[in-house]
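Good morning, colleagues. I would ask you to look at the sequence and the model for a moment, and then I shall take you through the sheet, the helices and the salt bridges.

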Amino acid sequence: MRSEGWAWVVLVSVLAGPAQAASPGPSPVVDGVAAAIGYEVVPRSLLVAYRGAFLPRADEGVALAALIDERLLGAEARRYGLAPDERAVAQLLAQQPVPPGFQAEEWRQVLTDRVLAGQLLAFRFGDYVPIGREAIEAYLVAHPQPASVGREAREASARAALLPEARARREAAFKAELRSRAEVRLMAPRPSPE
């Protein structure tokens, strides 16, 4: 989590109630919750399954951020009226079968959100993201090409080179906006006894 700049917040009083928040013993509500998105709880077991399926080498914070983003993007895609590509969902389900302890419909929702997230980002940003004239000029200065290559061709190659970074910045800003509107709350894991 710290690598993504997320602040760890323990919201025991919000989810467990004031009586449990004051008790010194472990709270099963907080121990079993990775995050809350509005009133929807993201169980720690779901985070563990998601991380194992899609980001096994990532730390827990990165996996949680990705899971939350996919949930929010899936909800936003539904709001836009996008329907999931059922073949893509079925293909993901074949690659990542239902983890032990999960209901098939629960895991299918995670996979559907993942597919919808990709569809929404492609719908919103596609292959066109505006790139400023200054960025193109800076790229052309940093990467000179022979004069025989026309101005339009040089600008087209600059746009193609700058597109992935520009799209990533736009997507990150869009995800941050969704997180801020959704009231995402992250739960701190209990320290492990040593």
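Which residue in E2 does Ile37 stand opposite? The residue facing Ile37 is Glu40 in E2. Before I go further, please keep in mind that this is a predicted model.

Let me place that pair in its setting. E1 and E2 are joined as a hairpin, with two residues between them. In the turn, Gly38 has a positive phi of about 65°. The pairing of E1 with E2 is antiparallel and runs over four bridges.

The hairpin belongs to an open sheet of three strands, ordered E2-E1-E3 and paired in the antiparallel sense. At the edges are strand E2, residues 40-43, and strand E3, residues 184-186, each of which pairs on one side only. From one strand to the next, the twist averages 20°. As general background, strands of a sheet pair through backbone hydrogen bonds, in either a parallel or an antiparallel manner.

On its other pairing, strand E1, residues 33-37, meets E3 over three bridges, again antiparallel. Here Ala36 is the residue that stands opposite Arg185 in E3.

I turn now to the helices. What lies across E1, E2 and E3? Helix H5, residues 60-80, does so, and H5 runs at about 30° to E1.

A second arrangement concerns two helices. By way of background, two packed helices are described by the angle between their axes and by the distance between the axes. For helix H7, residues 104-125, and helix H9, residues 151-182, the axes come within 11 Å and cross at roughly 115°. The crossing of H7 past H9 is right-handed. On the side of H7, the contact is made by Leu120, Leu121, Ala122, Arg124 and Phe125. On the side of H9, Arg167, Arg170, Glu171, Phe174 and Lys175 take part. Sorted by character, the residues of this contact comprise five nonpolar, five charged and no polar.

Let me close with the charged side chains. How many salt bridges does a search of the whole structure find? The search finds 16. I shall describe a few of them.

In helix H5, the side chains of Glu76 and Arg79 meet in a salt bridge at 2.7 Å, N to O. These two residues are three apart, about one turn of the helix. Is Glu76 buried or exposed? Glu76 counts as buried because its relative accessibility is 7%, and buried means under 20%. Arg79, by contrast, has a relative accessible area of 58% and is therefore exposed.

In helix H9, Glu155 and Arg151 form a salt bridge at 2.9 Å, N to O. They lie four residues apart, about one helical turn. Glu155 counts as buried, at 12% relative accessibility, whereas Arg151 is partly exposed at 38%.

H9 also holds Glu165 and Arg169, which are four residues apart and so separated by about one helical turn. The side chains of Glu165 and Arg169 meet in a salt bridge at 2.9 Å, N to O. Both Glu165 and Arg169 are exposed.

Finally, I return to Glu40, the residue with which we began, opposite Ile37. Glu40 is linked with Arg71, Arg78 and Asp113 in a network of salt bridges. Thank you for your attention.

Notes
Residues are numbered from 1 along each chain as its sequence is written. This is a predicted model: local features need pLDDT of at least 70, side-chain atom pairs count only at pLDDT 80 or more; totals for chains, interfaces and linings use all residues. Side-chain values use heavy atoms; hydrogens and water are left out. Two strands pair if DSSP finds at least two bridges between them. Axes are lines fitted to C-alpha atoms, for helices over the stretch in contact, and angles run from 0 to 180 degrees between N-to-C directions. Contact means heavy atoms within 4.5 Å. A crossing is left-handed if the near helix is turned anticlockwise from the far one by less than a right angle, and right-handed if clockwise. Ala, Val, Leu, Ile, Met, Phe, Trp, Tyr, Cys and Pro count as nonpolar, Asp, Glu, Lys and Arg as charged, and the others, Gly among them, as polar. A salt bridge is a side-chain nitrogen of Lys or Arg within 4 Å of a carboxyl oxygen of Asp or Glu. Buried means under 20% relative accessible area, exposed over 50%, partly exposed in between (1.4 Å probe, protein chains only).
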